[in-house]
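Q: Hi! Could you walk me through this structure when you have a moment?

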Amino acid sequence: MPEGVFLRGGVVIDGTGAPPCPRDVLVEGDRIAAVLPRGAEAPSGTVEYDVTGLHVTPGFIDVHSHDDLEILREPQLLPKLSQGVTTVVVGNCGHGTAPVGVASPYRDGLGRAVMGPFEPEGDWRTFADYLDLVDAAQPSVNVAALAAHNAIRIAVCGFESRPATDVELAAMVGLANDACRDGALGLSTGLGYEPARAANSYEIVALAAAFADGDGLYVTHLRDEADRVLQAVDEALDIGRRSGCRVHVSHLKCAGEPNWGKMSAILQRLSNVGATADVYPYTAASTALRPSLDAVGEAPLIPENYVIATAVGLEEVEGKSLAELAEVWECTGLEAAHRILEATGDVATVVYFTMAENDVATAIASDLVVIGSDGLPVGGHPHPRMYGTFPRVLSRYVAGPPHLSFEAAVERMTARPAAIFGLERRGQVAPGHYADLVLVDRHNVVDRATYESPRVQAAGIEAVLVNGQWAFATDDRPVARAGRTLRRTQRNGSVR
Ligand SMILES: [Zn+2]
């Protein structure tokens, strides 16, 4: 059993939005044992660390990750851990790794583009198998998972883009029930993607209803984020009402210039019914190349705004814009995109500039919104959000509009997401909570990953504890991989 940890001299930001407070923190086992006024004696059997000048915050919760396979490939998950992230939620946007049925969801072009490759040594079939594999990999961070609609659909219907039959829908509901029993936090959809977009509301309501017991959660990448974004929000809220689930909208955005300024109207609709959302702090989006081409609605494709992030087998185009490639290849930007899709078998992703800064800042300012990176752990030139999301909120959106207080920014990454996603005893610096903690140098915390150089760790995250053990540090103290899967228990809807 590791020794206790005593953090002396820091300033605690407890995650609830309460003001910073000088406190010492005692960790015993995997929990916070006490939060004490300065100057208390360190109990015997504990190792004391002087954290004077640093802020002690709860570990950040990345509610929107696509680390489903990255956590198996690279269990230390340094791009996230180095940002202070101690829990990731996977299975977002309807993308997932389980169940495996008539087809394996992580083996198609879209799945490989978003989650990256994986050649399983021992295959898995069920949602529980997947979570067991994550635990066996001994991750550095905690991992909670949503049941992914596209994965469930692919397991039953394959990759065909058509409505499900009644028999197929019954089979899908069975798989959703299994995932719920096995600890999924809720259902996620990505209704802008194939083959999920062939699903009507009836199908989604039937699947989401599997989670309605015990405060279920419906998490959705909307059917449309551009010209019809308000109608898509209405569809999501309708699905929540009919299924009995709370609604959480993924990566809020108003895509394409004709839609800039709609953020306030979206937030008003969410507020009317107590729905929530996540957002990442950038004006560029990133997804698989093919769906990106129609993700901005009627706005014309601007080749300068599309930068190739991943192109498997055609890596020389990574980091280049469609405009640059069109010039070299003497074709249009759209033709260049199709040439890449053909050469890569659709395993290509793109970073594309599509949002207005004012909409992003409006979302971050909202009490309904929490932070999620939507990082894609793939390719040579990924979106910088994979490395910079949380420090960027703590610097850019505290110093500039909407001028969040530091504690309000932390709340959007800790206690608030823990409450929305039902992660019990996570997200606060309080006695009895799990000791997921970050030591932040508040005045120097900043993202350093840029669109030009996206694979750069942030500054100012000095050390991270996960379940009471050091997981990351900028000095050479020994670290351990102490993360675990967080599985929803059905009785009360909360996660152990
Ligand atoms: Zn998405």
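A: Happy to; we can start with the metal site and go on to the cores, two helices and the cysteines.

Q: Great. What kind of model is it, and what goes into the values?
A: This is a predicted model, so local features need pLDDT of at least 70 and side-chain atom pairs count only at pLDDT 80 or more, while totals for chains, interfaces and linings use all residues. Residues are numbered from 1 along each chain as its sequence is written, and side-chain values use heavy atoms, with hydrogens and water left out.

Q: Which residues are the protein donors of the zinc ion?
A: Cys93 (SG), His221 (ND1) and His251 (NE2), lying 2.0 to 2.2 Å from the ion. Donors here are N, O and S atoms within 2.8 Å of the metal (3.2 Å for Na, K and Ca); water is not among the atoms, so sites may look incomplete.

Q: How are the donor residues spaced in sequence?
A: The pattern is C-x127-H-x29-H. Cys93 and His251 link distant parts of the chain, 158 residues apart: Cys93 is in the loop between β8 (85-90) and α3 (109-115), and His251 in the loop between β13 (246-249) and α9 (263-273). Helices (H or I, at least four residues) and strands (E, at least two) are DSSP runs, numbered from the N terminus.

Q: And His221, buried or exposed?
A: His221 is buried, with a relative accessible area of 8%. Buried means under 20%, exposed over 50% and partly exposed in between, using a 1.4 Å probe and protein chains only. Cys93 and His251 are buried too. His221 is in strand β12 (residues 217-221), and beyond its neighbours within four places in sequence, its contacts (heavy atoms within 4.5 Å) include Cys93, Tyr193, Ser250 and His251.

Q: New topic: which residues touch the most other members of the largest nonpolar core?
A: Leu252, Leu270 and Ile340, out of 123 residues in that core. Helix α8 (residues 229-243) gives the largest share, seven residues. A second, separate core of 17 residues includes Val5, Val12, Ile32 and Trp470. A nonpolar core is a set of buried Ala, Val, Leu, Ile, Met, Phe, Trp, Tyr and Cys residues joined through side-chain atoms within 4.5 Å.

Q: Leu270 sounds worth a look. Which residues of α9 are buried?
A: Met263, Ile266, Leu267 and Leu270. They cover an arc of only 95° around the axis, which puts them on the same side of α9; the arc is that of the directions from the helix axis to the C-beta atoms. Their cover includes α8, β13, β14 (276-279), α13 (357-365) and β18 (369-371). After α9 comes Gly274, with a positive phi near 70°.

Q: What about α6, which residues are buried there?
A: Glu168, Leu169, Met172, Ala176, Ala179 and Cys180. Their arc is only 120°, which puts them on the same side of α6, while Val167, Ala170 and Arg181 are exposed on the other side. The buried residues pack against α4 (127-136), β10 (147-148), α5 (149-157) and α7 (201-208).

Q: How many disulfides are there?
A: The count comes to zero, taking a disulfide as a pair of cysteine sulfur atoms within 2.5 Å.

Q: Why no bond for Cys180?
A: Because the closest cysteine sulfur, in Cys245, is 9.0 Å from the sulfur of Cys180, too far for a bond. Cys180 counts as buried at 1% relative accessibility, whereas Cys21 counts as partly exposed at 27%.
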